[in-house]
Amino acid sequence: MSNYYTTPIYYVNGEAHIGHAYTTFIADMLARYSRLKGETTYFLTGTDEHGQKIEESAVKAGKPTQQFADEISALFKDLWDEFEISYDQFIRTTDDEHKAGVQHAFKKMFDKGDIYKGEYEGNYCVSCETFFPESQLIDGEFCPDCGRTTNTVKEESYFFKLSDYEQKLLDYYEAHPDFILPKSRRNEVINFVKGGLHDLSVTRTSFSWGVPLPKEFGDDKHVMYVWLDALLNYVTALGYGRDDAKMELWPAHMHVIGKDILRFHAIYWPAFLMSLDLPLPKHIAAHGWWTRDGEKMSKSKGNVVSPREVANAYGEENLRYFMMREVPFGQDGDFSQRAFIDRINSDLSNDLGNLLNRIIGMSGKYSDFVIDSVDVEKYHSAELEEMYAILDNVEKYLDEVQTHRFLEELWKVFTIGNKAIEAHAPWVKIKEGKTDEALATVALVANVLAKASLLLHAFMPKTTNIIADTLGFEINTASYNALLKEKKLLETFTIKKIGPLFPRVEEPLMEEAPKAMMEPEKPKESKKPEAVKEDGAGLITFDEFFNTTLKIGTVVEAEEVPKSKKLLKLQVDLGEDELRQIVAGIKDYYSAEELVNTQVCVVANLKPAKLMGIMSAGMLLAAKDDDGLCLVRPEKPRKVGSSIG
Ligand code: ME8
């Protein structure tokens, strides 16, 4: 039995954020877990580098497309390497082997009669690299998936006979109820297919950044549709069409993806595979969407969470734990520093870290860290039974990627350890001369930690290796089998003294999302500006405008906020009894010194909010475009406190 896991291949039009990291953490965890169990495992990740979107991003960046793709692909790879993501292969769709595999598949589908040439007239969304029928567009113009404007395109195209696969797909979903995970997403796919499948345009002539058709077609104005190219990575990585040796790893055990690309994986991909006479993956597991502080992450809002920044501030493994513990698989999740800090302090520092500290302390005091042939079972059979009842039943949650349930259950064993210490009070036993009994309790807890570490290893590899080293054993398949499957106990071992593994976090360690800064939110490209509507919807009244108090102020003092890359703390004279303290994210554009004694426009009736723990009572007006940000100031000096409007 082999387990082949994949992540989506990420587009090289921007750097990785925590959403990408989340998918990668889950796939990495599953692969590590499978390896620990001793199963043949293969883990693929990589980058998706073709298509109009990438071509346009390269033009914007002023770079040749291949160079642009090389650079961003390397950023993904470097990040995963820094995070020690245990991938076996990093595929790039610009690799020659991949391109040859895609051409091979195209030819095979064509020869089978599943691909034919025709003409397409439709509405294309460049961002989603997808055609949509008129009936699905919002307001006859905007993409139903991302809301951006679509373009009308008429071009000669090759089509894949997706409509032929409608019934075969429905039969497959019916026969494999756990093909789509979580199961709650299954109906959405089934309903989509039942709604009728149109044949799929699988080539493009309007741009050239893609895999060309096989030479024998003699049709060099066409390149492959990027999703056909991209999905095939899962088999070209194994040598499909050139050297089938690794194809024995196929079918994949699981494609881990985000819910945004479920349709491609659960409808198009199975149809392509059926056409190629290849078996279908066992599971398509689609997770939910991460937001930051309740808001969609976007470059224009400046609130994208960089995985590296979080890892530097809080630790990469803490981030892995948080993301996989916080959110039920399949549901949307919110990244907030408050929630993250709570998890670190309560789960990691209190529950797990303290337990480890307690036995380090006790073993040092009672036996100079040496546990020698103690009889755990004699004093703790009840606790052992309780512990195995949990450990024996926890793995099933991972079959359906229910990471939060798995971790929630696993954490219950730490409560057993803590309760055992309270109930058996080893410090009393030592005073009574019952050293064996006191050390048996220490050993029980060491075993709780050892067994839990084995199960936690795939989530927090480095941390659990440290715990194992502290308890004098190694995490590997042999210890997994011995301690978990055969239920052996550590009874003779030496504990090492180490410092706290999870220091408590008292305050946010990163800058908050720059909400309070006057960064005008770009209207979503998709939406027509509200104010132009003829019926007046979206316009505001005089009164509504004057609900906002705008005033002229003079900056009296300005200083940098320690540890913050963006924030300056200002004391602004608004003609009131006291100076106003305003924290503004403008350090990239202004130094503290140059602001002193200059005038600014201030939103003066904004609810005060804390930024990096510092109270801010107001906001500066500023304007931002591609060239940067500048403050909005009065044309001539005005009295402080003058109202604007
Ligand atoms: O779709 N929350 O690439 P992509 C959670 N190249 N996950 C997120 C996320 C968020 N806010 N943002 C991104 C593509 N993701 C195609 C895939 S596969 C054959 C081709 C994650 O760079 C999530 O896994 O847009 C999502 O499916 C993936 O990034 C999309 O990455």
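# A guided tour of the chain

Welcome! Counting secondary structure along the chain gives 21 helices and 26 strands. Keep in mind throughout that this is a predicted model.

**The whole chain.** Begin with everything displayed. Along the principal axes, the C-alpha atoms occupy a box of roughly 85 × 80 × 40 Å. Of the 645 residues, 55% are buried. Now consider the contacts with a sequence separation of 6 or more: 74% of them join residues 24 or more positions apart. If you switch on a surface, you are looking at about 28700 Å² of exposed area, with carbon and sulfur atoms supplying 49% of it. Colouring by charge picks out 76 positive and 102 negative side chains. The centres of these two sets lie 2 Å apart.

**First stop: β12.** Select residues 283–287, which make up strand β12. How many of its five residues are buried? Five of the five are, leaving the strand mostly covered. Show the side chains and look at where they go: His283, Ala285 and His287 point one way, while Ile284 and Ala286 point the other way.

Next, add the partners of β12. Residues 254–258 form β11, which pairs with β12 in the parallel sense over five bridges. Within that pairing, Met254 has His283 as its bridge partner. Strand β7 (180–181) also runs parallel to β12, and these two share two bridges. Here, find Ile180, which stands opposite Ile284.

**Second stop: Arg185.** Stay in this area and move along from β7 into the loop that leads to α6 (186–194), where you will find Arg185. Is Arg185 buried or exposed? Its relative accessibility is 14%, and because the cut-off for buried is under 20%, Arg185 counts as buried. To see its surroundings, select Ile180, Lys259, Leu262, Ala286 and Gly330; Arg185 touches each of these, leaving aside residues up to four places away in sequence. Two of those names should be familiar: Ile180 from the pairing with β12, and Ala286 from β12 itself.

**Third stop: a four-stranded sheet.** Colour β5, β4, β6 and β8, which in that order form an open sheet with antiparallel pairing. At its edges are β5 (130–132) and β8 (200–201), each of which pairs on one side only. Zoom in on the β8 side, where β6 (residues 151–160) joins β8 through two bridges in the antiparallel sense. Label Phe159 and Ser201 to see a pair of bridge partners.

**Fourth stop: helix α19.** Select residues 477–485 to bring up α19. Which of its residues are buried? They are Ser479, Tyr480, Ala482, Leu483 and Leu484. A helix has 3.6 residues a turn, so residues three or four places apart point the same way. Now add α1 (18–36), α13 (376–394) and α17 (435–456), which are among the elements covering the buried residues of α19.

Both ends of this helix deserve a look. At the start, a side-chain oxygen of Asn476 comes to within 3.2 Å of the backbone nitrogen of Ala478. After the helix comes Lys487, with a positive phi near 60°.

**Last stop: a hairpin.** Finish with residues 622–625 and 628–631, strands β24 and β25, which pair in the antiparallel sense over four bridges. Together they make a hairpin, with two residues between the strands. Across the pairing, look for Lys624 opposite Leu629.

Note on methods: Residues are numbered from 1 along each chain as its sequence is written. This is a predicted model: local features need pLDDT of at least 70, side-chain atom pairs count only at pLDDT 80 or more; totals for chains, interfaces and linings use all residues. Side-chain values use heavy atoms; hydrogens and water are left out. Two strands pair if DSSP finds at least two bridges between them. Buried means under 20% relative accessible area, exposed over 50%, partly exposed in between (1.4 Å probe, protein chains only). Contact means heavy atoms within 4.5 Å. Accessible areas come from the Shrake-Rupley method with a 1.4 Å probe; for residues, only the protein chains shown count as cover. Lys and Arg count as positive and Asp and Glu as negative; His and the chain ends are not counted. The place of a charge is taken as NZ of Lys, CZ of Arg, CG of Asp or CD of Glu. A polar contact is a pair of N or O atoms within 3.5 Å; within protein, one must be able to donate a hydrogen and the other to accept it, and residues adjacent in sequence count only if both atoms are side-chain atoms.
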